[in-house]
Amino acid sequence: MADSGQIKNIELDAEHEARRRTALVQIRHYPDPVLRMRAREVELFDEALARQAERMIELMHDAAGVGLAANQVGSLQRMFAIELSEEEPARAIVNPRVTPLGDELETDEEGCLSLQGVLVPVERSIAIRLEAQGVDGKELVLELDGLPARAVQHELDHLDGVLLFDRTTPEARREALALLRPRVVLTSSR
Ligand code: ZN
């Protein structure tokens, strides 16, 4: 099975499953307001930024994700971690700008680490050009298509405070919101 949006479809062994749960606790979940905020351009490429990028890449791996945006760890910097392919190491992308290449769109199911259990159809550009900076401030340009292109568009949305609900069909949105409605937990006090 292919990856969906932000979530990897792989079987985890017991140890990684435990790490995944620990990672998910550290990730902000809907309806945390930080997920609805626009992250700000990064201007300072310092040691703190590099450390933050490393932490996000590690958390993304532990959470079995293919991408993780700064908003999702409570930081409003325009930066995300992403795994563009199995062959190359995950990397951090800073100040991304995305331009569609051509006007072909494709609808596919997407999940999100901040919306556990939600899988909804989202229409995205098939091919894009990504212009950004690395954590060292160096400019980079990548042309992507298929899953990596979809993943980048998903992460860029996070930096703009956009969530899957805003991109899906009205029916899927209703179902997803019903699924995420805060559940009342009854606890016995003694
Ligand atoms: Zn997401």
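Biologist: Is E41 buried, partly exposed or exposed?
Modeller: This is a predicted model. Relative accessibility of E41 is 45%. Buried means under 20% and exposed means over 50%. E41 falls in between, so the class is partly exposed.

Biologist: Which residue meets the side chain of E41 in a salt bridge?
Modeller: A salt bridge needs a side-chain nitrogen of Lys or Arg within 4 Å of a carboxyl oxygen. Here the N to O value is 3.7 Å. The partner has 47% relative accessibility and counts as partly exposed. It is R38.

Biologist: How many salt bridges does the model hold by this rule?
Modeller: R38 with E41 is a salt bridge. So is E110 with R124. By the rule, the count comes to 18.

Biologist: How far apart are the closest N and O atoms of E110 and R124?
Modeller: E110 sits in strand β4, and R124 in strand β5, residues 115-125. They are 14 residues apart in the chain. Both E110 and R124 are buried. Their closest N and O atoms are apart by 2.9 Å.

Biologist: Which helix does E110 reach through its salt bridge with R150?
Modeller: The closest N and O atoms of E110 and R150 are 2.8 Å apart. E110 lies in strand β4, so the pair ties together parts that are 40 residues apart in sequence. R150 lies in residues 147-159, helix α3.

Biologist: Which residues do salt bridges that share partners join into one network with E110?
Modeller: E110 bridges R124. E110 also bridges R150. Shared partners join E110 into one network with R124, R150, D157 and R167.

Biologist: Which side chains of strand β7 are buried?
Modeller: In a regular strand the side chains alternate between the two faces of the sheet. Strand β7 covers residues 139-145. E139, V141, E143 and D145 point to one face and are not buried. Pointing to the other face, and buried, are L140, L142 and L144.

Biologist: Which residue stands opposite E139?
Modeller: Strand β6, residues 127-133, pairs with β7 in the antiparallel sense over seven bridges. The two form a hairpin with five residues between them. In the turn, G137 has a positive phi of about 90 degrees. Opposite E139 in β7 stands Q133.

Biologist: Is D103 buried or exposed?
Modeller: D103 is found in the loop between β3 (91-100) and β4 (105-112). On the surface, D103 gathers with E104, E106, D108 and E109 in a patch of negative charge. Its relative accessible area is 73%. The cut-off is over 50%, so D103 is exposed.

Key
Residues are numbered from 1 along each chain as its sequence is written. This is a predicted model: local features need pLDDT of at least 70, side-chain atom pairs count only at pLDDT 80 or more; totals for chains, interfaces and linings use all residues. Side-chain values use heavy atoms; hydrogens and water are left out. Patches are made of residues with over 30% relative accessible area and no salt bridge: like charges are joined within 9 Å, nonpolar side chains (Val, Leu, Ile, Met, Phe, Trp, Tyr) within 5 Å. Accessible areas come from the Shrake-Rupley method with a 1.4 Å probe; for residues, only the protein chains shown count as cover. Lys and Arg count as positive and Asp and Glu as negative; His and the chain ends are not counted. The place of a charge is taken as NZ of Lys, CZ of Arg, CG of Asp or CD of Glu. Helices (H or I, at least four residues) and strands (E, at least two) are DSSP runs, numbered from the N terminus. Buried means under 20% relative accessible area, exposed over 50%, partly exposed in between (1.4 Å probe, protein chains only). Two strands pair if DSSP finds at least two bridges between them.
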